[in-house]
Structure formats: C-alpha cells, structure tokens
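Reader: I'd like a close look at one helix here, the one nearest the start of the chain that has a face turned inward. Could you walk me through it, and then say a little about the rest?

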Amino acid sequence: MKAKKKISLTNNPEKFIEGAIAKFIKESPANRRKLDGGKYWDKPLVGFASGSDPLFKQYKKIIGKFHHTPLEIFGLTFGQKEKSQNLSVISWVLPASEDIRKSNRKETKYPSRLWAHTRDFGEQFNVKLRDHVVEVLQKEGYQAVAPMNSPYWKRVRSPRVGFASSWSERHAAYVCGLGTFGLSDGFITPKGKAIRVGSVVTNLPLKPSAKKYPHHQANCLYFFNRTCKSCAPRCPAGAITAKGHDKDQCSEYSYNTIGPAKRAEYGVKITGCGLCQTRVPCESEIPKLIQKAYKRIAHDRSHKE
Ligand code: B12
C-alpha cells in the first residue's frame, strides 16, 4: 500500500492552512463552553483570495474609502511595500453548534444564555484563532496579520452605510467564495448564517477559491424568489423589512434593551442577539430551493461541455 504523503505548507498550502484551522477548533480548550463543556464551534469552512482581487478595490466604493485593502493593512502593519498580487487572504466561517442554535430558536425577545455565551466567549476563541493562524504562518517564515486583531482596525460610522469598520469579515469571506449576504445583512454560507467569521492577510501565495455564487445576495431566499422573509418577524426590534436591515434599530435593541436586561443574569460582557440567524431556512444551510437551482445549473453546464 502506498504511504500517505504528509500535507505540508510546501506541497499543499491550502490544505495545510485548512488543517491548522480545523485542528485548533477541535483541540483548543477555548472552544469549550464554560457553561456545560460543549463546543461553541463546529467544523469550519475555509476559503482563500488573492490580495489583488478587484473586489477589494471595489469595497472602497461599496463600503467606503476607510475600508482597508489587503495591501493597505499589510503595509500599515509591516511598513513595507508589497505587490498586492503577492498577498493572499484566508477567511473562515465558524458554524455555531446545533444545541446553541436550537436554544436560540425558542427565543422571541432575548437571545438564549448559550447564544450570549457564544457571542462573548465564542468570539474570544475567534480572536485566539486569528492569532494562531498568524503564528502558524510566521513559524513557516511568512508575514501575516489578522486585520480585526490589529490596532489599525476601527469601527466607523459612515453617513452612507451607517455602522461599518475598516475591515469587514463578511466582505473578506465573500471574496473568498464562502457565501453571500441576505435580507437581514446576515452572511449565508453552506453551513448557514448562525456563524461567526474571521480572516488573515499574508504574503504566502495561495490558490484563490472558486467564486460559486452568481451575485452578492444569491443565497437569500427573499432575493431568489421573494417567497421568504422569515428573518423579519424573528427580529424583536422590528429592524428587518423588505427594505433590508436597519442597523441603528438592531444595535439600539441589542446594546440598550438586551444588554441591561441580560448581561448580568447571563454573566457576559456582551449578549449579541442573533434571533434573525435562527429558526430561518438559512440557519444552518443555503435554503434547499437555492441548492437545487445550483445543482441544476451545474448539471446543465456539465452536459454542455
Ligand atoms: C458593526 C457590526 C455590527 C453592526 C452593523 C452590522 C452591519 N450590517 O454591518 C450591528 C451592531 C447592527 C451588528 C449586529 C449584529 N452582528 Co455584527 N458586526 C459588526 C462588525 C464589527 C463590523 C461590520 C462591518 O464592518 N460592516 C460593513 C458594512 C458595510 O457591512 P454591511 O452594511 O452589512 O454591508 C452591506 C453592503 O456592503 C451590501 N453590498 C451592497 N452592494 C454590494 C456589492 C457586493 C459585491 C458585496 C459583496 C456587498 C454589497 O451588502 C451588505 C449587506 O447588505 C462585524 C465584524 C467585522 N469586522 O466584520 C460584526 C459581524 C458583522 N456581526 C456579526 C453578528 C453575528 C451580529 C449579530 C447577529 C449579533 C450577534 N452576534 O448575535 C447582529 C446582526 C447582524 C446582521 N444582521 O448583520 C457577524 C456576522 C455573522 C453573519 N452571519 O453575518 C460579524 C461578521 C462578526 C464576526 N466576527 O463574525 N453588527
């Protein structure tokens, strides 16, 4: 029998990175819940993009001039000139465990205790994961920065797009082919929308992942055929309508209604909400009807070629 070749950064950098992320999720004690020892996050989705992908420059228009390109955040961090085509972006999606999602499905006004713990301690794990990926790359002799863990990352309140920041994890994930946006603004991936996202910019060359979706709202059933608006009645703040997501209403309710009511009781510094991310057809997958359409398109294409 042929011996299995060990995956290394040299022979398969994409698999190597994917493996390092999956291993950390599986083994890190920080992915264990303080409440009951369960895990915050299931197996991840991982994608890659070139630092020179034209979308990063388009984000200057779509989001605002304040949104960093990979080249800018790399330059700010390392003070050196690189070519954008020598940079790669690694993005991952952390799907919330089933019991966390289930607990939030039952809620109608406030997030469940488990959801709030996941928002607080699950994101603390995500912060560690970003640092871990940077360390793995540095050990192999590459430079890397996690934009969200960087002192250069800042929240921005833009007159045009409202709440935003200098690095949007979902927009990075979109370039890496991991999903698309929904009516609620939520990012919908093959593992659904009850997720958190992270990313790292590095000078390790990586093969960009395929961009599988036809446009930036393709995985949302509302934009697919207008048959779904399930996230709207889930929102206890009334922040989601056919016009989209009112970030001010969402933020006001999360921070000023849920926060004071639940932070102390749950023992967290931040609660999140996420009712719009659970008990909806995109909670843990791309809605089935859209999956079928993608299969049909792939089938038709393979018969034409
Ligand atoms: C500020 C912020 C908020 C604000 C504003 C959210 C927002 N829509 O931007 C408030 C306080 C309201 C908020 C709420 C929540 N948040 Co929040 N938040 C952030 C933060 C820190 C920055 C977001 C940012 O920079 N946005 C940039 C703006 C421009 O994004 P946008 O307005 O959504 O973008 C729209 C346009 O760009 C548009 N668009 C128009 N034309 C085009 C063309 C193209 C090609 C593309 C790609 C897009 C595009 O598409 C988007 C959707 O409409 C991120 C962490 C991070 N650094 O990314 C987390 C983040 C977005 N939040 C997250 C979560 C989980 C939540 C909550 C569910 C709370 C919770 N944890 O329980 C809620 C609800 C989220 C929702 N429905 O969007 C997750 C997202 C998970 C997901 N499935 O989408 C993130 C990514 C955190 C993380 N690390 O995972 N959040």
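Author: Sure, and keep in mind that this is a predicted model. The buried residues of helix α1 pack against three elements: β1 (45-50), β2 (88-95) and α5 (113-139). Those buried residues are P13, I17, A20, I21 and I25. Looking down the axis of α1, you'd find them within an arc of 130 degrees, so they line one face of the helix. That fits a general point about spacing: an α-helix has 3.6 residues a turn, so residues three or four places apart point the same way. Flip to the other side of α1 and you meet K23 and E27, which are exposed. As for length, α1 covers residues 13-27, 15 residues in total, and its first and last C-alpha atoms are 21 Å apart, close to the 21 Å expected.

For contrast, take a look at α10 (residues 288-304). Its end C-alpha atoms are 24 Å apart, which agrees with the 24 Å that 17 residues should span at 1.5 Å a residue. Still, α10 is hardly covered, with a buried count of 1 among its 17 residues.

Then there's the ligand. It has 33 residues around it, and the closest are S165, D185, R196, G272 and G274. Elements giving two or more residues to that shell are β5 (162-165), α6 (169-175), β8 (195-202) and α9 (247-266). Of these, α6 gives the most, with 4 residues. Sorted by class, the shell has 15 nonpolar, 11 polar and 7 charged residues.

Key: Residues numbered from 1 in each chain as written. Predicted model: local features only at pLDDT ≥ 70, side-chain atom pairs only at ≥ 80, totals over all residues. Expected span 1.5 Å × (residues − 1). Buried ≥ 20, exposed ≤ 12 C-beta atoms within 10 Å, placed from the backbone. Arc of directions from axis to C-beta. Contact = placed C-beta atoms within 7 Å. Near = placed C-beta within 6 Å. Nonpolar A, V, L, I, M, F, W, Y, C, P; charged D, E, K, R; others polar.
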